[in-house]
Each structure stands twice: as C-alpha cells, then as structure tokens.
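I opened this notebook to keep a record of what I looked up, in the order in which I looked. The topics are enclosed space, one loop residue and the packing of some helices.

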Amino acid sequence: MIQSNYFQTNEDLKEHFYELIDWNEIVPIYENNYSDSKLYSENNNPRLEYAPSNIDEAKSFYDEILKSCGEISGMYVSQVAATVDSKGLKFDNGNVIHPQEMVDVIKMYHDAGLGPVAFKRRYGGLGAPSIVKAMIAELMYRSDSSITIAVGSMGLAAILEVCASDEMKEEWIPKLISGNYTVTMGLSEPDFGSDLPNITTKATKKDGKWYLNGTKRFQTVACGVNGIPGITLTLARTGTQESGARGLSFFIVENKDYAVQGIEKKLGIKASATCETVFENSEGYLVGKEGFGLVKYVMGMLNGARLSVSSQGTGIVTAAYEEALKYAKERIQFGKPIYEIPAVRRMLDRMERELAGMRCLMVEAAFSVDKYYWYEDGRTVSPEESKIGKFWEKVANTLTPISKYYNSEMCNDLVYDGLQVLGGAGYTEDYDLSRLYRDARITNIYDGTTQIQVNAAIGGITSGMSPTGTFRSYLDHLAKGSESNTKLQEIRTLFESIVDAYKSIEKQETKEAHSFEVVESAARVVVGYLMERAKNKSTSRKELRSTWCKGFHLDSLAILSANQIRLKHLKD
C-alpha cells in the first residue's frame, strides 16, 4: 500500500479539520467549560495533564493525535496489512493465534495512547470528541480493517461511562485501558442474530454473584490478542423467556471465564477473530440495572458501532481510490496512462466525489452525537441547552443509521470500481485492491445490516418530515446558505414527493419492502446539502468542491427520480 502519513497527505480530511468544522460549536460543549483543565490546576492529576483550557489548545491537541495516528497507520500498519491478511489466524485447542506483525503494530497504537481514545480523561482516556474519533477511525481503517478492529474494539466499552455505577467505572475502565483489553459485543447467538429480544443466554444469581450459561456467535476478538486479555459485554436473560426485551440485562464477562469453541473462516477481514464462545457458569458482572440491557444499554453501544463502520467505509474507499489513482497514472496502454482514458477517468472522478460525500456524512453524524451526548453527562443544563440537546439527539438517532447504511453501501460500490480500474491486475493478490474488495463486503452486514439500518431510520425520516418535524427542521438548517441552488431545490422537492408517496401506501408489508427508496433519497439529500455547505465554506478548494457538487447533484436527481417512479407506480 501507499506509504505516507495518512493524515498529513489527505487534503480533504485536513480541510475538514482545519477549515470546515466549527470547533466553536463542539469544544465548549465537550469540555464542559474546560472543567478538566481547571481541575488539573487544583489537583495535578496526571490523567488531566493534557486537558485544554481553550479552543485553540483543544484543536492543537486533536491535531497531534491525528498526526500521530496518521503516521502509525500510513507508515507502519499499511506496510504489514497484506502480510497479516495472508497469514490469517490459527486456532489450536481453544487458543486463537494472531500474526506477530499484527501484534507488533497493535502495540504501536497502544504505546501512542490511541487505544483508549474513546474514554474520558478522568479514567485514563484521551478525551476526544466523537468527531475526532471518527477521523481517527478513518485513518486506521484506511491501513487495515482487521488490525483496526482489534485496537478500536476497546471503544465499545465507552458505554460503561453512561450506564455503569461509579464504582464499576472506577474499577473497570482504568483496568481496560492499562491492560489494552479487547472488547466485543456479546449479542448474536447461533439461532438469534438481529432478533435480540429472543436470545436464550441465561444469567442466574447465586450467593450475590451472577453466572451465565449459553452460546454466543460472531464475537469479534472475544479471544483477546495473543495473551492480551479481553471482555465480552454480554446480553443475557435475567427474566423469563416470555419477558422479551425487558427481561434482558447487560454483563461484563472476562475471556478467562468462557471458552472459545472456534473461529469463522471468512471472505475478508481474515486476521480479525470472529469467535463462537461458550458460557458455562461463567461469572458475569451486572452493568447498570436489570432489564435495561437491550432497551437502553445495547442501543447506546450500537450507535457508537454505527459511527465506527461509517468511518470504516470512508477509510477503505480512501485506500481504494488512492491505490487505483496511482495505478491509473502509472499504467501505460495505447501509448498513454489509462488515467487519460475517458471511461477510466469517469470511474475515478465518481470515486473521488462520492468519497468526499461519504466523509461529509461521517463528520456530520459524529457532530450530531457531540451536539447532544455531553448534555447527558450529569450536568446541570438550562432549558435552552436541554432543548438543543434533545433536538440533536433526535437528529443523531436518524443520522447514525443513515451514515452506517450509506457509507457501507457506497464502500462496496466504490471499491468495486477501484478494482475495475486495475482490471485483471486488481483481481490478483499482487495488489491491495483484492484485499480491500474482500474487506469492504462486511461493512454493510455487521453491526446491523443495511436492512436493519433502513428500518432504524425510516421512522425518523417520515415522521420527521411533518410540518413541525425534526428531520424537516434539520434539512432546513442544512439548507442555509444554499437557498439559491436550483438543483438542490429540485432534489428537495423530489424527496418530499417521495415521502408523500410512501406515506400514501396502505399495505404495511409494501411500505416495509420499499423503505429503502425513502432512506436512500434522504441520504442523498443530506449529503448534497453537506457537500454544498463544504463548498461554500471552502477557501482553498472551492473550485474542486464545485465540480464535485455538480456531479453529485446530477446523480442524485437520477436516483431520486427513479425512486419516485417506483413508489408512485406501486399502486398500478
């Protein structure tokens, strides 16, 4: 793979960081009036040493994190990715063995402090907002998915900051950070994947302790990494089987207390251990309250996972585009680089502008979380702050599944084109496109398939498009500054007619079958507005962004027109 600092050589990502993101909206909220910095001046707690005291210090801190991550990802991880993929995993008598090259670069990430980026400083984390975490994840996923999954898995445990008791937070979070733990979501079972309310893993209380029995499937890095410990954040039934979602609770279970029965042989992410685990009277530690496991805690954890996959899609496409562009400029056919062949250039141009749109959506989804999440941090907030927080929470609950769906589907679409640019060479293992192509395929499957994301988003879109709906208000917010753009107006009108046509469908089964057309249309409208806003804000690349917007809006008109036709003719 191309070897460089993946942050410092990514002009689009840098422009987002240095020019397009309004840090004045994020940093003061996230830093809670710079409370960590003030506390450090009082107690000199080393965990708070790098807490910023103003916006410029915060940006400088985030900048250093991104440069460090870009260096490790682009200079080191990228250079062992093919080897790690080729060697894959070994399973021996319950033990999963990872390639040593993978272990070495994982250590580099942890030594740089990038493992606990998701945690607050008070527990030993880096204390970075979601918008920075999204960028970090993109940089890491560009270099390799399997390695990034192992390192980034720790971020799943950030849900403990929200739902665990103070005692559990103080005991477990520093332990996870200092021990470089891997973390997995213990949700799916052999007979229940997305149908979580019916899972059968049972938790029983005896002498004041909880013990779990059951089997979990598709447990990513539940084994830890070559002796590095791991935990499973496990969903288990504390109520009766008939109690459904309300009978499920949330537990920490250490990997020393359960057995890995086997690992999956997969199409892609071959060095990411996908385990089947067996609990036999395995001790578990209850997180939060009984009965809230699925309805509250897992849903919170899945939002973070959706953002991560959105970044994964962006990172993989960045790698595919850069590799395809390099090949196209070097490969000579018919006396010229194939980059100069119109059909090839068209594919690359589309990859570039769609990637720009994916990055806009990735950043915006993370931004929406940052705009509400910290209002739930036990703070005393004013009625106006509470109102703003609730608005952005509703936006985030719709935007995070949209970003997961859209960026994972576009990832598959664009990596397909990247491989096509290389032709027969791309189909061989001599080039990285074949690995990227295989790894891309998981993005629209795990952490909730595209169909699950569409189901999660459709209600927020359709009810939100009422005259006083949140989604309508959000689109109006995005449209500010682009009111005179006739193409965007035409796209918005098409979208509203699509929502109306969908709402007029009487049969629920038909509506469910065609929710995709509405969510796809909503995604194109949102991304179109975001790209136009980025163009308006840009000072260094306005002309390029104008070109991207022109092509993107034209494609959106075609897509929404087709969706309108489908929905309007369902009654015929």
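The entries below go through cavities, then a loop residue, then helix pairs.

**Entry 1, cavities.** I began by noting that this is a predicted model. How many cavities of 30 Å³ or more does a search of the whole structure find? I recorded two, and I took them in turn.

The largest cavity holds about 40 Å³ of space, and I listed its lining as I106, H110, A150, N180, Y181, T182, V225 and I228. When I sorted that lining by class, I counted five nonpolar and three polar residues, with no charged residue in the lining of the largest cavity.

The second largest cavity holds about 30 Å³, and its lining is made up of Y141, R142, S143, D144, S145, I316, R435, L436 and D439. I asked which elements give two or more residues to this lining, and found α6 (130-143) and α13 (432-440). The lining of the second largest cavity has four charged residues, alongside three nonpolar and two polar ones.

**Entry 2, a loop residue.** I then turned to F192, which I placed in the loop between β3 (182-186) and β4 (202-206). Leaving aside residues up to four places away in sequence, I found that F192 touches N198, I199 and T200. I also looked up the separation between F192 and V221, which are 29 residues apart along the chain, and noted 20 Å between their C-alpha atoms.

**Entry 3, α12 with α13.** Helix α12 spans residues 383-422, and I found that its axis comes within 9 Å of the axis of α13, the two crossing at roughly 160°. Because of that angle, α12 counts as roughly antiparallel to α13. I noted the crossing of α12 past α13 as left-handed. On the α12 side I listed C411, N412, V415, Y416, G418, L419 and L422 as making the contact, and on the α13 side L433, S434, L436, Y437 and A440. By class, I recorded nine nonpolar and three polar residues in the contact of α12 with α13, and no charged ones. L436 of α13, a member of this contact, had already appeared in my list for the second largest cavity.

**Entry 4, α12 with α14.** I next paired α12 with helix α14 (residues 450-462), whose axes come within 8 Å and cross at roughly 145°. Here too I wrote down a left-handed crossing, of α12 past α14. From α12, the residues that meet α14 are N397, T398, P401, I402, K404, Y405, S408 and E409, and their partners in α14 are T450, Q453, A456, A457, G460 and I461. Which classes make up the contact of α12 with α14? I counted six nonpolar, six polar and two charged residues.

**Entry 5, α15 with α16.** The last pair I looked up was helix α15 (residues 470-479) and helix α16 (residues 486-503), whose axes come within 13 Å and cross at roughly 175°. That angle is why I entered α15 as roughly antiparallel to α16. I listed the contact as F471, R472, L475 and D476 from α15 together with R492, F495 and E496 from α16. The contact of α15 with α16 divides into three nonpolar and four charged residues, with no polar ones.

How values were computed:
Residues are numbered from 1 along each chain as its sequence is written. This is a predicted model: local features need pLDDT of at least 70, side-chain atom pairs count only at pLDDT 80 or more; totals for chains, interfaces and linings use all residues. Side-chain values use heavy atoms; hydrogens and water are left out. On a 1 Å grid over the protein atoms alone, a cavity is a set of points where a 1.4 Å probe fits but cannot get out, and a pocket is an open set with protein on both sides within 12 Å along at least five of seven lines; lining residues have an atom within 4 Å of a point. Grid points are joined across faces, edges and corners, and a volume is the space filled by probe spheres set on the points. Ala, Val, Leu, Ile, Met, Phe, Trp, Tyr, Cys and Pro count as nonpolar, Asp, Glu, Lys and Arg as charged, and the others, Gly among them, as polar. Contact means heavy atoms within 4.5 Å. Axes are lines fitted to C-alpha atoms, for helices over the stretch in contact, and angles run from 0 to 180 degrees between N-to-C directions. Angles under 35 degrees count as roughly parallel, over 145 as roughly antiparallel, 65 to 115 as roughly perpendicular and the rest as oblique. A crossing is left-handed if the near helix is turned anticlockwise from the far one by less than a right angle, and right-handed if clockwise.
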